[in-house]
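Subject: Structure handover

Hello,

Here is the structure I promised to pass on. Please open it alongside this email.

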Amino acid sequence: MPADPVSGAPPPGDLQLLSLTKRFGEFTAVDDLDLVVPAGSFFALLGPSGCGKTTTLRMVAGLEVPTTGEVRLGEQDITWAKPYKRPVNTVFQSYALFPHLTVYENVAFGLRRQGRKEVTEPVRDMLRLVELESFGARKPAQLSGGQQQRVALARALINQPQVLLLDEPLGALDLKLRRQMQIELKSIQGEVGTTFVHVTHDQEEAMTMADTIAVMHRGVIEQMGSPAELYESPRTTFVANFLGQSNLVPCAINGRDGGDLVIDAQGALVRMPAERAQVHQGKAWLGVRPEKIILGSPGEDLPGNSLGEARIVDVSFVGVSTQYLVRTSWGQELMAFEQNTGARPLMRAGDQVHVRFAGAHAFLLDHDQDARAGVDEDSAA
Amino acid sequence: MTSSAGAPSVAPELAPDGDASSPPRRRRSSAWFLLLPGALWLVAFFLTPMVQLVATSLYDPSGSEETGYAMTWAWGNYVDALDFYLEPFVRGFAYSAIATALCLVIGYPLAYAIAFKAGRWKNLMLVLVIAPFFTSFLVRTLAWKLILSDNGFVVGIAKTLGLIADDGRLLATGFAVVAGLTYNFLPFMVLPLYVSLEKIDHRLIEAAGDLYSSPAQGFRKVTLPLSMPGVVAGTLLTFIPSAGDFINAQLLGDTTTQMIGNVIESRFEVGDYPAAAALSVTLMVLIVAMVAIYIRRAGTEELL
Amino acid sequence: MIRLGRWVSDHAIMAIGAVVLAYMFVPIVIVVLMSFNRPASRSAYTLDAFTLDNWLHPCEPEGLCSSLVTSMQIGLLATFASTVLGTLMAFALVRHSFRGRAATNVVIFLPMASPEVVMGASLLALFVSVGFGGVLGFWTILVAHIMFCLSFVVVTVRARLQGMDSRLEQAAMDLYATEAQAFWRVTFPLVFPGILSAALLAFALSFDDFIITNFNSGQTTTFPMFVWGAAQRDVPMQINVVGTAMFALAVVAVLSGEMLRRRRERVQ
Ligand SMILES: Nc1ncnc2c1ncn2[C@@H]1O[C@H](COP(=O)(O)OP(=O)(O)O)[C@@H](O)[C@H]1O
Ligand SMILES: [Mg+2]
């Protein structure tokens with residue numbers, strides 16, 4: 001018998017992936033993955049396409065058999081359980097709605113397979129939840145993309161799974177609808193309290209929706225944490241570049257001074273808290289987010305670390321902020337965002353500026369990594 | 001196949017029936033179970049007969065149904081068969097080639113019209129293409145016999161126009177046989193052409209127009225190359241059955257228009273199995289060779 | 001001037017298409033006319049006078065109706081067997097990977113690329129060599145028909161299956177359907193139109209086959225063989241009744257199916 005997801009017979013628990021690996025022939029799609037998804041959380045699995053997100057979800061759903069490793073749900077090992085014996089449901093990439101069944105029958109499908117006789121009420125409730133009450137008699141082909149998306153959601157949610165897997169559920173929608181659905185999904189999750197594992201390659205989507213994000217790259221999890229943690233303290237150059245933008249300055253660590261590290265950044269001596277560093281000696285990448293860079297007039301005395309003088313080479317005015325591209329004395333181009341508070345006149349290309357940042361906002365990464373990792377990946381931000 | 005190097009954990013609190021703890025067995029045997037009945041049928045009643053046909057073609061030609069046949073590796077059967085029946089062979093292939101070419105010329109505009117110009121009439125036109133199929137092949141061919149008969153209106157018109165002599169006739173000529181072949185196999189040309197034309201993204205043709213190609217150039221450079229798979233499939237589906245046909249030659253032609261199919265049929269009829277088999281094998285080999293060369297040339301191997 | 005040229009080029013192709021379609025119907029018209037024809041003499045196969053006799057007495061020519069029954073029986077049995085076997089094969093080819101798949105594809109393709117006369121002749125050669133020469137008839141015809149229908153069924157069903165998103169079955173299993181339920185609730189309903197058209201095609205091929213049947217029929221007479229035999233002597237007008245009736249039946253079936261589809265679409 002399938003574990004009865006309706007009465008919730010097994011106690012809901014965390015979803016755990018233990019050394020999960022999937023190889024297709026020689027190719028390793030998911031590599032020794034360890035992950036804990038806390039029960040009831042909105043969890044995002046973020047990564048560029050081809051990094052193994054779908055494969056991971058399919059192993060959780062039971063649609064793909066892991067090469068090695070384990071999938072656990074609470075106390076239960078479900079690694080080898082058939083898909084229909086798991087209290088887990090999926091919203092498929094591009095939905096996979098049954099084209100020959102009406103919206104009503106699509107939504108009722110899971111309940112009927114579990115032997116529920118009376119489905120009218122739960123189906124109606126579910127259709128109301130996704131605001132499709134009057135569409136029950138239609139076929140999927142007669143719905144818009146957003147409506148299809150909601151049918152796919154309703155079809156999975158009605159089974160009250162312990163874990164709902166969503167594989168790029170908003171990928172096929174246009175931007176405006178996507179933003180709207182992000183909010184709806186988030187509120188539905190709050191309402192039902194189910195664990196959501198949301199797969200996406202859109203970092204903005206992941207950050208707006210999720211409690212916890214795991215950033216995946218080439219089959220491994222690079223970093224996991226809250227959106228703010230990931231953004232403020234990336235631990236790899238890939239995360240630094242894939243979530244938002246980063247300026248990475250090659251530097252060398254001179255030594256320690258109390259709680260701070262003293263760093264030689266292209267001739268400029270700067271300080272930052274040691275706990276924000278991934279490395280504590282030798283060469284490193286000094287990372288500063290563009291909005292954390294302060295551009296002052298030459299000679300202006302401001303607090304924080306100085307990276308010396310630079311020349312503005314490009315200015316893009318984007319309304320709420322202005323984006324400056326500056327060339328430093330050692331020839332590197334840095335990006336700096338400045339809020340348009342009106343407090344100060346816009347600068348122009350060719351102007352000389354003084355580049356500063358606060359050490360508490362910087363991060364220090366291992367120099368052995370590619371500084372451009374994740375820069376040109378298809379994050380839709 | 002998945003191998004499980006990592007020892008699957010054995011947890012006591014498994015799903016009740018316990019199958020969650022062990023890797024599933026992939027039943028590759030089920031593929032064979034599905035495949036085998038049909039495959040065996042084809043082996044038994046298509047491949048084995050082909051082998052038997054080759055064997056028969058090498059039997060002692062002096063045998064008969066009553067006395068039985070002896071396997072004497074009589075390669076001479078092939079020499080004799082081609083010696084006696086070279087003419088119907090060549091004629092059959094020539095008729096089929098002409099009929100195939102005619103089908104292409106007639107069928108392409110129809111397929112094009114259905115694919116691109118028919119609009120809401122598309123389905124109706126497709127039904128109309130298939131509809132004549134439902135009247136028996138032989139009944140239709142007999143109708144052609146009537147249409148082309150000596151006192152029919154087609155002959156009358158042709159005489160008035162001076163296309164044929166006053167005592168000339170259409171029935172019992174090569175013309176009638178080719179006309180019958182062309183008619184009967186036309187749908188086999190139109191349908192694959194339609195399928196491949198239908199797949200063409202119409203914007204490609206518009207893009208060609210946008211890039212200053214005339215409609216004719218657009219057709220030659222875009223539509224025609226993209227419909228090549230349909231052309232290849234259509235010509236094969238037309239040529240192969242007509243090369244082996246004997247109904248049209250029998251009903252619409254006479255003894256001077258016999259195709260190789262007629263010869264094979266009549267050799268079998270009189271019990272001259274070795275000769276008939278040798279002719280069949282030769283026909284089969286020629287067709288397979290032509291198909292292979294043709295497909296290779298047209299670069300549409302994926303058709304198979 | 002330019003506008004006229006445009007109009008002509010837009011409509012010319014449609015006009016040519018219509019002419020070709022008309023050409024395809026010329027013999028059909030003749031068949032229909034002949035079904036109402038009273039020929040001047042028994043041996044004259046010409047249009048002469050109007051009569052309903054042929055329609056009122058379709059079974060009058062000896063052997064016609066029994067040959068029709070034989071064709072129906074063989075057609076139905078061959079359709080059933082080839083559809084079942086061919087559908088199973090299509091599933092194996094699309095949904096399973098196994099060694100020997102390429103060889104299987106070749107074996108399926110070959111019968112479609114072989115001239116019928118060769119297939120008919122080779123089967124006869126086999127039957128004769130294993131001593132079945134004397135029992136040629138209903139069963140040998142059936143065996144042959146199943147053989148040549150099989151490939152067409154496989155190809156038709158395979159095309160439909162390939163066009164079906166295999167994730168639909170996975171979605172069903174994700175929604176608590178067992179393998180069997182996923183098959184009967186999702187896969188089968190979606191593939192069914194393909195199976196149906198394969199069955200119709202198989203029936204049409206079997207019912208209309210003459211060449212292969214002719215080699216392996218012994219004393220049994222199918223409808224095409226009856227027509228062939230009649231064509232050597234004098235042709236009874238009733239075969240045109242059969243031709244017309246089959247044509248009308250098929251067209252009515254196709255059109256009503258299409259209308260049903262449209263109505264259903266409009267309702268939703
Ligand atoms: N069935 C399969 N056979 C072989 N390779 C596969 C298969 N499924 C996925 N892959 C490969 O595994 C990698 C990860 O795929 P996937 O998990 O779909 O990525 P994502 O969902 O992150 O875009 C890709 O490079 C893909 O080509
Ligand atoms: Mg994916």
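Below is what I found, chain by chain and then at the contacts.

Please keep in mind that this is a predicted model.

**Chain A overall**

Chain A has eight helices and 20 strands. Its C-alpha atoms fill a box of roughly 80 × 45 × 35 Å along the principal axes. The chain runs to 381 residues, and 54% of them count as buried. Take the contacts in chain A with a separation of 6 or more: 67% come from residues 24 or more positions apart. The exposed surface of chain A is about 15700 Å². Carbon and sulfur atoms supply 51% of that surface. On charge, chain A carries 36 positive and 46 negative charges. The mean positions of the two sets are 6 Å apart.

**Three residues to look at in chain A**

Start with strand β1 of chain A, which covers residues 15-24. Ser19(A) lies in this strand. Its phi is near 40°, a positive value in a residue other than glycine. Is Ser19(A) buried or exposed? Ser19(A) is partly exposed, because its relative accessible area is 32% and the partly exposed class runs between 20% and 50%.

Phe24(A) is also in strand β1 of chain A. Phe24(A) has a relative accessible area of 39%, so it counts as partly exposed. Which residues does Phe24(A) contact, leaving aside neighbours within four places in sequence? They are Ala29(A), Thr55(A) and Glu64(A). Thr67(A) is 43 residues from Phe24(A) along the chain. The C-alpha atoms of Phe24(A) and Thr67(A) are separated by 8.8 Å.

Now go to the loop between β6 (88-91) and α2 (103-113) of chain A. Tyr95(A) has its place there. Tyr95(A) is not a glycine, yet its phi is positive, at about 75°. Tyr95(A) counts as buried, because its relative accessibility is 4% and buried means under 20%.

**Chain B overall**

Chain B has 12 helices and zero strands. Read along the sequence, its pattern is α-α-α-α-α-α-α-α-α-α-α-α. Of the 304 residues in chain B, buried ones make up 50%. For contacts in chain B between residues at least 6 apart in sequence, 68% join residues at least 24 apart. The accessible surface of chain B comes to about 14700 Å². Carbon and sulfur atoms hold 65% of that surface.

One helix of chain B deserves a look. Helix α4 of chain B spans residues 137-147 and is mostly covered. How many of its 11 residues are buried? The count is 10. Among them are Phe137(B), Leu138(B), Val139(B) and Trp144(B). Arg140(B) and Thr141(B) are also on the buried list.

**Chain C: two domains**

Chain C is divided into two domains. Domain 1 is made of 1-59 + 236-268, and domain 2 of 62-234. The centres of the two domains of chain C, taken over C-alpha atoms, are separated by 28 Å. Nine residues from domain 1 of chain C and nine residues from domain 2 of chain C take part in the contact. The two domains of chain C bury about 780 Å² between them. Carbon and sulfur atoms give 80% of this area. Which three residues of domain 1 of chain C supply more of its buried area than any other three? They are Pro236(C), Ile239(C) and Val242(C), with 50% of what domain 1 buries against domain 2.

**Inside chain C**

Ser206(C) sits in helix α8 of chain C, residues 179-208. Ser206(C) is buried, because its relative accessible area is 4% and the limit for buried is under 20%. Not counting residues up to four places away in sequence, Ser206(C) touches Ile74(C), Gly75(C), Ala78(C), His145(C), Phe148(C) and Cys149(C).

**Where chains C and B meet**

The size of an interface is often given as the accessible area lost when the parts come together. Between chain C and chain B, the buried area is about 6900 Å². Carbon and sulfur atoms give 82% of it. The contact takes 76 residues from chain C and 72 residues from chain B. In chain C, Tyr23(C), Met24(C) and Trp228(C) lose the most area to chain B. Together they make up 9% of what that side buries.

Best wishes

Notes
Residues are numbered from 1 along each chain as its sequence is written. Chains are lettered from A and ligands numbered from 1 in the order in which they are written. This is a predicted model: local features need pLDDT of at least 70, side-chain atom pairs count only at pLDDT 80 or more; totals for chains, interfaces and linings use all residues. Side-chain values use heavy atoms; hydrogens and water are left out. Helices (H or I, at least four residues) and strands (E, at least two) are DSSP runs, numbered from the N terminus. Buried means under 20% relative accessible area, exposed over 50%, partly exposed in between (1.4 Å probe, protein chains only). Contact means heavy atoms within 4.5 Å. Accessible areas come from the Shrake-Rupley method with a 1.4 Å probe; for residues, only the protein chains shown count as cover. Lys and Arg count as positive and Asp and Glu as negative; His and the chain ends are not counted. The place of a charge is taken as NZ of Lys, CZ of Arg, CG of Asp or CD of Glu. Domain bounds come from an automatic or database domain assignment. Buried area is the accessible area (1.4 Å probe) that two parts lose on being put together, summed over both.
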